[in-house]
Structures are given as C-alpha cells and as structure tokens.
Amino acid sequence: MKNRQRSQHSNREEAPAPDGLVEGLIVDSSRGQYRVETPQGSFLCTIRGRLRKELEYPESAGARRSVRKVKVREKDPVAIGDRVALLPTGGGAGVIERVLARAGGAFTRRDPDAGGGSLTSVVGLDQLVMVFAAREPTPHLRLLDRFLVVAESQDLAAVICVNKADLGVPTWLRERLAVYRQIGYSVILASAEQGAGLDELLARLVGRVSAFVGPSGVGKSSLLNALQPELGQRVSAVSGLTHKGRHTTTGARLFPLEGGGYVADTAGIRALAVSSQGIRLDQCFPELRPYLGTCRLSDCTHVHEPGCAVLAAVEARTLDAERYDSYCRLLTGEAAMLDWDQIE
Ligand code: GDP
Ligand code: ZN
C-alpha cells in the first residue's frame with residue numbers, strides 16, 4: 001500500500017508529460033471548478049466536456065460493472081483525491097483532460113440531500129488518525145474500535161494517537177494500548193503542548209492523505225498546529241462551517257502538508273456512513289482473521305456457535321476479551337457503527 005500511496009501523492013518527482021499535460025491531485029472543488037495541486041503549482045480547473053460526459057454516462061459503453069460508479073459520480077464526475085492530468089490554459093487556470101487514478105481508500109458518503117440512498121462524492125483518504133487524550137477527556141475505547149472497523153472496512157491505514165501524554169498515561173490505558181500494538185496498529189504517544197511524538201506522527205503523515213478524527217477536546221487542532229502553524233485552525237474552520245448545516249456535497253478539502261501529503265478536513269468524513277451490509281465484520285478485526293474459516297460452521301458469526309474457533313480463543317485468552325466484546329456489540333447492532341454525535 002505504501003508504494004501506491006507514494007506514487008499517487010508525492011507528485012514532486014514526476015516529470016511533465018510530453019503532451020503538455022500536467023499531473024496533479026484534486027484538493028478542493030466547488031461548483032464545477034476544481035483546485036488541482038501539481039508540481040508546477042496550483043491550478044483552478046474545469047473539466048473537458050467530453051470527459052465529463054464519459055464519466056457521467058459510462059454505462060453507454062455497456063459496462064455493467066460501472067453502474068455503481070455512475071451513482072457516485074452523478075453530481076461530481078471527479079472528486080477530491082482523484083489524480084488527474086490537466087492542460088494549463090494560462091493564468092493559473094486549466095482544463096482537466098483525464099482522470100489518472102482515484103486515491104486509495106476512497107469511500108462513498110451518503111448524500112444528505114438525496115434521502116440517504118444515493119452515493120455522492122468520494123474523498124481520497126489513505127489514512128485515519130484517531131486522536132484520543134491520555135486524560136481529559138478520558139479515552140473511550142469502544143469508539144476507537146468503531147473507528148478501526150471503519151478504517152478496516154474502507155481499507156484505510158489507521159494510526160492511534162494518544163495526545164496529552166504530558167498529563168501522564170494511566171496504567172490501564174498503557175495496558176490497553178499494548179493490546180492494539182499487539183494487533184499491529186501504530187500507537188503514538190504525543191503531546192501537542194510539549195512536542196513529544198510529533199516527529200513520529202509527521203513521519204506517518206508524509207505522502208498520505210489523512211483525516212484526524214476523535215472526540216472534541218482531545219487536541220486534534222493543537223496537534224495539527226504543532227505540526228504546521230495554523231494547519232489546525234484551517235482544518236477546523238472548514239469543519240465548523242460545514243457542521244452548521246451548510247452541508248457541502250463537494251467533498252472534503254485537503255490541506256497540503258509541508259513535508260508532502262495532505263490532511264483532510266473532518267467535515268468531509270462526518271457524513272461517512274458505513275453500513276454493516278456488504279462488509280464482513282469479522283474481517284474488520286485483524287486479530288480474528290487467523291481464525292476465520294476454522295470454525296465448525298462455515299457461516300459462523302462467532303457469538304454462540306458450537307466449535308467456534310474465535311470463542312475458543314477468547315476463552316483461552318489468546319484473543320482480547322474487550323475487543324471481542326466490541327465485535328459482538330457491533331454485530332448485534334447494540335453499538336452503531338459510528339455515532340457522530342460522540343465525535344464532535
Ligand atoms: P480538538 O477539539 O480535538 O481540536 O482539541 P483542541 O486542539 O482544541 O484542544 C483542546 C484542549 O486541550 C485545549 O485547551 C488545548 O490547550 C488542550 N491540549 C491540546 N493538546 C494538549 C497537550 O498535548 N497537553 C495538554 N496538557 N493539553 C493539550
Ligand atoms: Zn466462529
């Protein structure tokens with residue numbers, strides 16, 4: 001995954017194409033105009049009409065599989081996070097001629113204006129950075145588990161960042177974090193205030209498109225500001241705007257990081273809807289994967305079935321009981337996949 005992200009997002013080393021086209025990444029969009037960051041600077045672009053038609057009506061080519069894409073692109077034929085080739089037309093303007101690639105981890109959002117059924121623009125996220133505070137507020141690890149499921153289900157990398165480490169990391173939390181590390185997640189202890197962990201965090205952000213998520217008050221803005229002056233203000237200003245009902249269907253904005261890479265505003269992912277339909281929840285818990293397919297029943301849900309390998313591992317304490325509990329709650333619908341009210 002790393003290599004793919006590098007090649008898509010660190011566009012600095014790429015040479016200009018022989019046909020005069022410049023490659024770049026769409027970082028913002030509004031009313032049919034797209035801001036594209038390229039190695040040659042930023043361009044404000046429209047889309048070539050022919051390309052717009054192609055993207056909006058790909059089913060005319062007879063490809064049955066693209067029906068889903070049609071839905072996604074109904075309103076916006078290209079989306080933030082797409083890599084495109086554009087023709088500069090002078091004065092910082094350009095025309096998008098081709099879509100080269102969609103950024104990894106693209107996910108669909110429910111369109112709030114369309115009764116929840118249809119899919120709208122896509123944010124090219126690679127990574128979710130889940131921020132919690134060591135204290136104040138007390139971390140809510142069930143919420144973390146839900147975020148992790150979202151990340152897994154969308155094939156996004158996940159980073160767990162525990163901020164306010166300067167306040168002291170309680171022993172119970174250290175023990176829980178060890179479980180997440182054991183599963184394979186990156187856990188970064190940080191302090192926006194004192195600078196701890198910031199280098200490690202930055203190293204994880206370079207060359208990727210990340211969104212910072214987590215409850216309010218944990219220090220998301222402070223961390224971003226500590227990484228790059230005013231980045232936190234810029235990201236939260238956009239998020240706040242959208243929050244107040246002026247919901248844009250143009251997708252999230254991406255803010256460039258000085259070291260390469262982007263941070264997406266959280267407004268764009270607030271509307272993220274992940275239904276449990278179509279995803280195998282057990283696949284979204286990486287520590288369960290080695291057991292999958294080894295239960296007696298092929299359609300085992302790992303809750304009560306006889307001969308369940310997962311249950312046996314929980315009983316033997318090979319699998320963490322708390323994480324397993326999160327799995328059960330999500331499976332039975334006791335816990336909503338994501339409760340955005342708890343996030344902001
Ligand atoms: P956000 O809502 O997640 O964006 O959180 P903010 O960045 O607004 O921070 C919330 C509060 O936590 C503010 O009062 C910050 O000063 C404080 N804060 C942020 N980072 C740290 C930290 O590393 N250590 C301590 N002690 N306080 C912090
Ligand atoms: Zn099972």
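Two rings of Phe, Tyr or Trp form a pair if their centres lie within 6.5 Å. The legends below describe close-up views of a predicted model.

**Figure 1. Ring pairs join Phe285, Tyr324 and Tyr327 into a cluster.** The structure contains 2 aromatic pairs. In one of them, the ring centres of phenylalanine 285 and tyrosine 327 are 5.6 Å apart and the planes stand at 90°, so this pair is edge-to-face; the angle required for that label is over 60 degrees. The pair connects distant parts of the chain, 42 residues apart. Phenylalanine 285 lies in the loop between helix 9 (267–270) and helix 10 (309–315), whereas tyrosine 327 belongs to helix 11 (residues 321–332). Both phenylalanine 285 and tyrosine 327 are buried. A pair of aromatic rings is described by two quantities, the distance of the centres and the angle of the planes.

**Figure 2. The largest cavity is lined by residues that include Phe285, Tyr324 and Tyr327.** The structure has 4 cavities of 30 Å³ or more, and the largest encloses about 40 Å³ of space. Besides Phe285, Tyr324 and Tyr327, its lining consists of Glu287, Leu288, Leu319, Asp320 and Arg323. By class, the lining residues of the largest cavity comprise 5 nonpolar and 3 charged residues, with no polar residue. Empty space of this kind is revealed by rolling a probe the size of a water molecule over the atoms.

**Figure 3. Arginine 176 is a buried residue of helix 5.** Helix 5 spans residues 171–183. The relative accessibility of arginine 176 is 15%, and it therefore counts as buried, the limit being under 20%. When residues up to four places away in sequence are not counted, arginine 176 touches Leu141, Asp320, Glu322 and Arg323. Two of these names, Asp320 and Arg323, also appear in the lining of the largest cavity.

**Figure 4. Valine 36 is a buried residue of strand 2.** With a relative accessible area of 0%, valine 36 is buried. The C-alpha atoms of valine 36 and leucine 25 are separated by 5.2 Å, and the two residues are 11 residues apart along the chain. Residues up to four places away in sequence being left out, valine 36 touches Gly24, Leu25, Ile26, Gly41, Ser42, Phe43, Cys45, Val84, Leu86 and Ile96.

**Figure 5. Glutamine 33 is a partly exposed residue of strand 2.** Strand 2 covers residues 33–38. Glutamine 33 has a relative accessibility of 34% and so counts as partly exposed, a class that lies between the limits of 20% and 50%. Its contacts, leaving aside neighbours within four places in sequence, are Asp28, Leu44, Cys45 and Thr46. Cys45 is also touched by valine 36. From C-alpha to C-alpha, glutamine 33 and valine 95 are 9.6 Å apart in space, with their positions 62 residues apart in sequence.

**Figure 6. The protein as a whole contains 11 helices and 11 strands.** This legend gives the setting for the close-up views. Of the 344 residues in the protein, 50% are buried. The accessible surface comes to about 16100 Å², and carbon and sulfur atoms account for 49% of that area. Among contacts between residues at least 6 apart in sequence, 65% join residues at least 24 apart.

How values were computed:
Residues are numbered from 1 along each chain as its sequence is written. Chains are lettered from A and ligands numbered from 1 in the order in which they are written. This is a predicted model: local features need pLDDT of at least 70, side-chain atom pairs count only at pLDDT 80 or more; totals for chains, interfaces and linings use all residues. Side-chain values use heavy atoms; hydrogens and water are left out. Rings of Phe, Tyr and Trp (its six-membered ring) pair if their centres lie within 6.5 Å; planes under 30 degrees apart count as stacked, over 60 as edge-to-face and the rest as tilted. Helices (H or I, at least four residues) and strands (E, at least two) are DSSP runs, numbered from the N terminus. Buried means under 20% relative accessible area, exposed over 50%, partly exposed in between (1.4 Å probe, protein chains only). On a 1 Å grid over the protein atoms alone, a cavity is a set of points where a 1.4 Å probe fits but cannot get out, and a pocket is an open set with protein on both sides within 12 Å along at least five of seven lines; lining residues have an atom within 4 Å of a point. Grid points are joined across faces, edges and corners, and a volume is the space filled by probe spheres set on the points. Ala, Val, Leu, Ile, Met, Phe, Trp, Tyr, Cys and Pro count as nonpolar, Asp, Glu, Lys and Arg as charged, and the others, Gly among them, as polar. Contact means heavy atoms within 4.5 Å. Accessible areas come from the Shrake-Rupley method with a 1.4 Å probe; for residues, only the protein chains shown count as cover.
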